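Open your viewer and keep the sequence panel handy. We will take this chain one selection at a time.

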Amino acid sequence: MVTKTDDETAETAEATTAEATEAASETPEVIEATKEAEATDAVEAAEGTDGDADADLDDEPFAPAAPVEDSSGAGQGAGAVVSAALGVVALSGSWVATVASARESLIGQLQTSQGASVAKQVSEVYGDSWHATALVGGIFALLALIVGAVVLARPAFGAPGKPQAVWIKSVAWAGVSLGILGLLLAVAKYTDILMALPSASS
């Protein structure tokens, strides 16, 4: 004789067996779906990481380019060297002064007659030649002074706050000093204060 309790127990066992069968049949599908979801999440996470990295790279400010060296420094250095060279030429003489001196000497010889006094011959032949040499030296000295002064004054008209190189200042000051010295010597020679012509009897 089967009781009601036994029927309920049998039905419960059958239901449990059916659920277990369904769960077992659905388990591979669930596992596969879970794997696909995990793979999708991994891809999205990787893409999100790359996007964040790209965004960080885009947001990161670029490093400023190295400033291009101003070419005016080279020009100032060249000007300082030219000023010093002109000062040296003003003191030591040049082929221009030699040619000018020879020309004045030749002109003096042509303009002086045979019967001219010794003083006049000395003045025309040697005096004018000496003065021509002093004049050319003074021109070179004045150029050295002007170029050196321009180089020293250039930073005041250039980029503010950019100091001038020390060697440029030194060479420019050397050019200015040589120019002043050469100019003083030229004036002294031209006015016969220094190395005047010897006196001669008339």
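## A tour of the chain

Of the 202 residues of the chain, 20% count as buried, where buried means under 20% relative accessible area, exposed over 50%, and partly exposed in between (1.4 Å probe, protein chains only). Please keep in mind that this is a predicted model, in which local features need pLDDT of at least 70 and side-chain atom pairs count only at pLDDT 80 or more, while totals for chains, interfaces and linings use all residues. Residues are numbered from 1 along each chain as its sequence is written, and side-chain values use heavy atoms, with hydrogens and water left out.

**Whole chain.** Begin with a cartoon view: the chain has 5 helices and 0 strands, and its elements run α-α-α-α-α from the N terminus on. Helices (H or I, at least four residues) and strands (E, at least two) are DSSP runs, numbered from the N terminus. Switch on the surface, and about 14100 Å² is accessible, 65% of it belonging to carbon and sulfur atoms; accessible areas come from the Shrake-Rupley method with a 1.4 Å probe, and for residues only the protein chains shown count as cover.

**Colour by confidence.** The pLDDT (the predictor's confidence in each residue, from 0 to 100) averages 74 over the chain, and 59% of the residues score at least 70. Helix α1 (residues 4–59) has the lowest confidence, at a mean of 54, and α5 the highest, at 93. Now select residues 50–60: the pLDDT there is below 50, and beyond near neighbours in sequence this stretch has 0 contacts in the model. A contact means heavy atoms within 4.5 Å.

**Select α5, 166–190.** This helix has 25 residues and reaches 36 Å from its first C-alpha to its last, close to the 36 Å expected at 1.5 Å a residue; the expected span is 1.5 Å times one less than the number of residues. Which residues of α5 are buried? They are Ile-168, Ala-172, Gly-175, Val-176, Gly-179, Gly-182, Ala-186 and Ala-188. An α-helix has 3.6 residues a turn, so residues three or four places apart point the same way.

**Select Lys-189.** Lys-189 lies in helix α5 and is partly exposed, with a relative accessible area of 21%. Not counting residues up to four places away in sequence, Lys-189 touches Trp-130, His-131, Ala-134 and Leu-194. Try a distance label to Ala-134: Lys-189 and Ala-134 are 55 residues apart in sequence but 5.9 Å apart in space, C-alpha to C-alpha.

**Step past α5.** Just after α5, Asp-192 takes a positive phi of about 65 degrees. Leu-194 is in the segment after α5 and is partly exposed, at 33% relative accessible area. Add Leu-91, Leu-181, Leu-185 and Met-195 to Leu-194, and you have a nonpolar surface patch with about 420 Å² of accessible area together. Patches are made of residues with over 30% relative accessible area and no salt bridge, with like charges joined within 9 Å and nonpolar side chains (Val, Leu, Ile, Met, Phe, Trp, Tyr) within 5 Å.

**Select Ser-94.** Ser-94 sits in the loop between α2 (72–92) and α3 (95–111). Is Ser-94 buried or exposed? Ser-94 counts as buried, at 15% relative accessibility. Leaving out residues up to four places away in sequence, Ser-94 touches Val-89, Val-136 and Phe-140.

**Last stop, Arg-103 and Glu-104.** The structure holds 1 salt bridge, meaning a side-chain nitrogen of Lys or Arg within 4 Å of a carboxyl oxygen of Asp or Glu. The side chains of Glu-104 and Arg-103 meet in a salt bridge, at 3.9 Å from N to O. Arg-103 is exposed, at 52% relative accessible area, while Glu-104 is partly exposed, at 24%.
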